[in-house]
Amino acid sequence: MDDHNSPASVWRVNVEVLKRLLACAAACTCVGVIYMQWTYIWMLRSEMAEITQRFRPLETARDEGGICCDSAACYGATSCYKVSCYHRFPERRTHAEVRDKRDVTKQTKRREKQHTFLHLVPVSSQSYSDGDITVLSWAVEQSRGQGLQVSADTVTVEAKGTYFIYSQVLYKDTTWVMGHVITKRFKGAETKLMKCLKSMPSNISQPLNTCYTAGIYFLESGSTLQLSVPRKSAELILTAHATFMGLFNI
């Protein structure tokens, strides 16, 4: 019987073929891994070359004596000496421009929030026989800005604009109706902006009542305001929490 056709011979041949196939598969796997590593290294080299090309003008400017910020500071810088700090990075320029606009907007809103205002408390009252009125003199309790000035019984508007005006007076007069008037004077013209009337209690010996009024008006630069009670020798309670006047721009 031929040894080449025996089962043992066939088994040895199959083992040899299997070894060769395994060796070939191992070689192919090694080649694939090497190819993947080479591809990754090539990508890294390409990225490094691109970064080097981008930062080369910055290094050149630094070598020539120019001053330039580093990559982290470039996000917040607008430009560097002799060379733009982020002209090669449009996405950084866009972010910086947006942030600059946002900062300007915040500053504008912050200035707008700094409203000019004035809050006054009473100091004294003075009656005038010819006009049958009682006028209050004021002291500044709180204020902001230079747009409003106070002199005795008069408030002078330095900065024109739309203002919210408010006032309150506490009366202890026995007259059956009490009230006050806010008068504006501008270039010789007189305008009564607000009037406040309040009925006084009649069944008690010392009647007390307050009258509060408020409104929004445009005030010209140079105009003046005055609070007066259309009653001679009016009985008023001149305390800060009960009688006051104020205004602020809106």
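**View 1. Ser167 meets its partner in strand S11 of this predicted model**. Met245 is the bridge partner of Ser167 in S11. The two belong to a longer contact between strands: S5, spanning residues 161-171, pairs with S11 over six bridges. The sense of this pairing is antiparallel.

**View 2. Phe117 and Phe248 bridge strands S1 and S11**. Phe248 is the S11 residue that partners Phe117. Strand S1 covers residues 117-128, and S11 covers residues 244-249. Four bridges join them. The two strands run antiparallel. S11 thus appears in both views: S1 pairs with S11 here, and S5 pairs with S11 in the view before.

**View 3. Lys184 and Glu220 form a salt bridge**. Their closest N and O atoms are 3.2 Å apart. Lys184 sits in strand S6, residues 177-186. Glu220 sits in the loop between strand S8 (209-219) and strand S9 (224-229). The pair therefore ties together parts that are 36 residues apart in sequence.

**View 4. Lys184 and Glu220 differ in burial class**. Lys184 has a relative accessibility of 11%. The cut-off for buried is under 20%, so Lys184 counts as buried. Glu220 has a relative accessible area of 22% and is partly exposed. The salt bridge thus links a buried lysine to a partly exposed glutamate.

**View 5. Glu190 and Arg185 form a salt bridge**. The closest N and O atoms of this pair are 3.1 Å apart. Both partners are partly exposed: the relative accessible area is 48% for Glu190 and 32% for Arg185.

**View 6. Glu190 also meets Lys192**. Here the side chains form a salt bridge at 3.7 Å, N to O. Lys192 is partly exposed, at 49% relative accessible area. Glu190, at 48%, falls in the partly exposed class too.

**View 7. Arg185, Glu190 and Lys192 make up a salt-bridge network**. Glu190 takes part in both links, one to Arg185 and one to Lys192. How many salt bridges does the model hold in total? The count comes to three. Among them is the pair Lys184 and Glu220.

Key
Residues numbered from 1 in each chain as written. Predicted model: local features only at pLDDT ≥ 70, side-chain atom pairs only at ≥ 80, totals over all residues. Heavy atoms only, no water. Salt bridge = Lys/Arg side-chain N within 4 Å of Asp/Glu carboxyl O. Buried < 20%, exposed > 50% of the residue type's maximum accessible area, 1.4 Å probe, protein only. Pairing = 2+ DSSP bridges.
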